[in-house]
Amino acid sequence: MFDFSRETIIGFLYALPGILFALSIHEFSHAYVANKLGDPTAKLMGRLTMNPIKHIDPLGIIAMFLVRFGWAKPVQVNSRYLKKPRRDMAFIAIAGPVSNLISAIVGFILFWLAVLFIHRATFLSLEIKEGIIYILENFVYLNIALAIFNLIPIPPLDGSRILDSFLPPKALLLYHKYEDIIRIVLLVLLICEIITIAPIVDWIFLKMLDVATSITLLFL
């Protein structure tokens, strides 16, 4: 399960900038929307920033290296400040995945431009060119993965907070009654690699490649 090979370590270091950005934009977006909806808690805690130091959980980064998934410090939200708590909590929750999807699209445009034109940069070595493309590809993949993963409606993921807004009161109470058990089960399933979102992320990335290729061919 744990791979400490030289290739894995180097690959993780290449991916680290994308990891830090993806987690930071995710948490910043939660904080930004919460503040816009009237809750200043995250802003007062210094979370309304893209500075990764404010968002990163060291244990979450280590877990991402060891078991291929991780986490950042969750943004604190005080629902008492919100005019419509259930609705607004859903908006706050979905802001993180949406920010990652937007980042993935922007990153993919940069990645595709690099694929098309970086070979013309004669002042760069082949290793640097490959490194740039690899970093951008990982950036896209990480943001897609973080968005999809957080939309799973299982506590403590964002998807569970979105689902909260649609469940009737009795179902909501039952849902939260077993929240801790669900969280533990999810963690075990992820560590044991019984569940994975990799096929979904791969499919989305390939579809993006298909669209980019089709658009490019129209202008050739």
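A residue counts as buried under 20% relative accessible area, as exposed over 50%, and as partly exposed in between. In this predicted model, L110 is a handy place to try that out: its relative accessibility is 47%, so L110 counts as partly exposed. L110 is found in helix 5, and helix 5 covers residues 85-117.

L110 doesn't sit alone on the outside. Together with F91, I94, V98, I102, I105, V106, I109, L113, F117 and L151, L110 forms a nonpolar patch on the surface. Taken together, the members of this patch have about 950 Å² of accessible area.

Helix 5 also turns up among the aromatic contacts, where the count comes to 7 pairs. One of them joins F21 and F139: the ring centres are 5.3 Å apart and the planes meet at 45 degrees, so this pair is tilted. F21 belongs to helix 1 (residues 6-36) and F139 to helix 6 (residues 126-150), so the pair ties together parts of the chain that are 118 residues apart in sequence. The two partners get different labels for burial. F21, with 31% relative accessibility, is partly exposed, whereas F139, with 17%, is buried.

A second pair, F111 with F205, is tilted too, with 5.8 Å from centre to centre and 55 degrees between the planes. Here again distant parts of the chain are linked, as F111 is in helix 5 and F205 is in helix 10 (residues 198-218), 94 residues apart. This time both partners are tucked away: F111 is buried, with a relative accessible area of 6%, and F205 is buried as well, at 8%. The two rings don't stop at each other, either. Ring pairs link F111 and F205 with F108 and W112 into a cluster.

Next come the empty spaces. Rolling a probe the size of a water molecule over the atoms shows where such space is left. The largest pocket has a volume of about 850 Å³. Its lining is made up of 28 residues, and those nearest the centre of the pocket are R68, F69, Y141, L142 and A145. Several helices chip in: helix 1, helix 4 (58-67), helix 6 and helix 10 each supply at least two residues of this lining. Helix 6 gives the largest share, with 8 residues. Helix 6 therefore appears twice in this picture, since F139 of the tilted pair with F21 lies there too.

Conventions: Residues are numbered from 1 along each chain as its sequence is written. This is a predicted model: local features need pLDDT of at least 70, side-chain atom pairs count only at pLDDT 80 or more; totals for chains, interfaces and linings use all residues. Side-chain values use heavy atoms; hydrogens and water are left out. Rings of Phe, Tyr and Trp (its six-membered ring) pair if their centres lie within 6.5 Å; planes under 30 degrees apart count as stacked, over 60 as edge-to-face and the rest as tilted. Helices (H or I, at least four residues) and strands (E, at least two) are DSSP runs, numbered from the N terminus. Buried means under 20% relative accessible area, exposed over 50%, partly exposed in between (1.4 Å probe, protein chains only). Patches are made of residues with over 30% relative accessible area and no salt bridge: like charges are joined within 9 Å, nonpolar side chains (Val, Leu, Ile, Met, Phe, Trp, Tyr) within 5 Å. Accessible areas come from the Shrake-Rupley method with a 1.4 Å probe; for residues, only the protein chains shown count as cover. A salt bridge is a side-chain nitrogen of Lys or Arg within 4 Å of a carboxyl oxygen of Asp or Glu. On a 1 Å grid over the protein atoms alone, a cavity is a set of points where a 1.4 Å probe fits but cannot get out, and a pocket is an open set with protein on both sides within 12 Å along at least five of seven lines; lining residues have an atom within 4 Å of a point. Grid points are joined across faces, edges and corners, and a volume is the space filled by probe spheres set on the points.
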